[in-house]
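This report looks at a ligand site, an annotated domain and some unusual points of the backbone. Please keep the structure in view while reading.

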Amino acid sequence: MVIRLDRAAPLQPQLYDQLKASILTGATAPGTRLPSSRALADQFAISRNTVLIAYEQLLAEGYLETRPGAGTFVGTALPAGAEALPGDAAAGSIPHPPPRLSRYSERLRGLDIDSLTRGGGLRYSFHYGTVSAADFPADTWRRLLLREIRRRAGKPYLYENPQGLPELRAALSDYLSRARGVRARPEQILIVNGSQQAVDLALRVLVDPGDAVVVEDPGYSGARLACEAIGARLLRVPVDAEGMDTGRLPPPEAGARLAFVTPGHQFPTGGVMPVSRRLALLDWAGRGGTVVFEDDYDSEYRYEGRPVESLQALDRSGLVIYSGTVSKVLSPGLRLGYMVLPPDLVGPFLHAKQLTDRHTASLDQAVFAHFIRDGHFERHIRRTRRRNQRRRDVLVAALQAAFGPAVEIQGAKAGMHVVVRFRDIPSALASSVAEAAALRSVGIVPAEMAGERAEGRAGFLMGYAALEDADIRQGVALLHEAVQSFRRGGEG
Ligand SMILES: Cc1ncc(COP(=O)(O)O)c(C=O)c1O
């Protein structure tokens, strides 16, 4: 056994590591008797305690065994002459069959999942998922958070109700009925980690591989990718200025299990679905027994008139799942969302949620409950709605001043982004324009990255919720420069 100790470094871990390595590589064979702790300590002029601690650790881990009266031996249950250390094996030095990936992982490999998080980070980022830190009600949130931590002091920490804190579900039940016309008893509400988890749970509970699922075309890639990942068959329904074109839904016999829609503010194109289409959608769902997933991700922000009522408010057959999130109105980082489920579906969703993560983190749930109960939430929404409306006005005015009739602006009535379409740039060139803009620190997302097909005129999503007025103006001026240089055929 060759042991070399570096006296400048702690001795006990070195001794432990080298003894272990000698055993694992087979240099010291199973059954070999080790020197007594005193003899080893004398040999290296180290303290006996150092040796005893290393021996004890190796005994506890099964590398060594003691035989009463005979001493300490290398464990005989170890395979003789293991050829490499576990560390080497991790580096791939021992050949082995690769881990077999599930079909789910195989499908993931073929999907551009990272497109969900791409973007942002530039000085003038019009990335649509970002919201302003200055808009976050930090003082109130901090005060409520501290109050909640104090309230919990001295009580045992438990797993909480997997459906979500009762006080949050009660507060949401009132809020959703007031603000969105949603009919939701607290027992129908499930608190989730953002709407992405709501999408995932809906697919687990309702869809098997090969089943048909309706999605909007173009539509939210977070839902579409999740459908593809579980092996669903996509039935794409085109959208126009009024959201999903319900006249082009597949026949009820197509047997769609689920339909993802954004009736409040179609993502990405921005249309608001009128009541005639809403009723047609519900009628279609009733005929085919299709569950409709209403993704109401940002319709708190409607700038002309009151927010339109939810689709769920019109549902008489119990086929609508309503999904909401705080990602747009507070922060995407909170990972807080809520589902309102038809009563029959509560049980299966609750079980699926428990096996996924037991429940959503309870501290932020409690803070959010107080935030709603004390009236802060609706005040916050009124305030941020005014701010976002002003940002939208600034953006639209700047775009019109810079580009005039060369652009068409869509979806400006609600939400936190618009679609800007260039009449003279084909969509095949949209990524090159985005690259030219990025060179000037301007972040815009080509509409096809948000699920639109690359045909027709180039469109870009421009979110405005994270930028202050001056940055919006400057960002548009730089975008104008980028487009001009792109049109001239050069770049830089
Ligand atoms: C259509 C749509 N739904 C939902 C979300 C929010 O997802 P989450 O609640 O998981 O943050 C987004 C975010 O960009 C979105 O665009």
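A polar contact is a pair of N or O atoms within 3.5 Å. With that cut-off in mind, the ligand can be considered; note that the model is predicted.

**The ligand and its surroundings**

A polar side-chain atom of Ser327 lies 2.6 Å from an oxygen atom of the ligand. The distance is within 3.5 Å, so the pair counts as a polar contact. Two further contacts involve Ser195, through an N or O atom of its side chain, and Gln196, through a polar atom of its backbone. The table lists the three residues.

| Residue | Part of the residue | Distance to a ligand oxygen atom |
|---|---|---|
| Ser195 | side chain | 2.6 Å |
| Gln196 | backbone | 2.9 Å |
| Ser327 | side chain | 2.6 Å |

How much of the ligand's accessible area does the protein cover? On its own the ligand has 400 Å² of accessible area, and the protein covers 92% of this.

The residues around the ligand are Tyr128, Gly194, Ser195, Gln196, Tyr220, Phe267, Asp295, Tyr297, Thr325, Ser327, Lys328 and Arg335. By type, this shell divides into four nonpolar, five polar and three charged residues.

**Cis peptide bonds**

Phe267, one of the residues around the ligand, is joined to Pro268 by a cis peptide bond with omega about 5°. Pro268 sits in the loop between β8 (258-261) and α10 (275-288). The peptide bond from Asp217 to Pro218 is also cis, and its omega is near 0°. Pro218 belongs to the loop between β5 (212-217) and α9 (221-229).

**Positive phi values**

Which value does phi take in Arg358? It is near 65°, a positive value in a residue other than glycine. Arg358 lies in the loop that runs between α11 (346-357) and α12 (362-373). With a relative accessible area of 45%, Arg358 is partly exposed.

Ser441 likewise has a positive phi, near 65°, and is not a glycine. Its place is the loop between α14 (430-439) and β14 (442-443). Is Ser441 buried or partly exposed? Ser441 is partly exposed, because its relative accessible area is 29% and the partly exposed range lies between 20% and 50%.

**An annotated domain**

An unreviewed UniProt entry lists residues 9-77 as "domain: HTH gntR-type". In the model, the chain over residues 9-77 is 51% helix and 12% strand. The C-alpha atoms at the two ends of this stretch are 32 Å apart.

Methods. Residues are numbered from 1 along each chain as its sequence is written. This is a predicted model: local features need pLDDT of at least 70, side-chain atom pairs count only at pLDDT 80 or more; totals for chains, interfaces and linings use all residues. Side-chain values use heavy atoms; hydrogens and water are left out. A residue is near a molecule or strand if one of its heavy atoms lies within 4 Å of it. A polar contact is a pair of N or O atoms within 3.5 Å; within protein, one must be able to donate a hydrogen and the other to accept it, and residues adjacent in sequence count only if both atoms are side-chain atoms. Accessible areas come from the Shrake-Rupley method with a 1.4 Å probe; for residues, only the protein chains shown count as cover. Ala, Val, Leu, Ile, Met, Phe, Trp, Tyr, Cys and Pro count as nonpolar, Asp, Glu, Lys and Arg as charged, and the others, Gly among them, as polar. UniProt positions are given in the numbering used here, feature names are shortened, and annotations may be inferred rather than shown by experiment. Helices (H or I, at least four residues) and strands (E, at least two) are DSSP runs, numbered from the N terminus. Buried means under 20% relative accessible area, exposed over 50%, partly exposed in between (1.4 Å probe, protein chains only).
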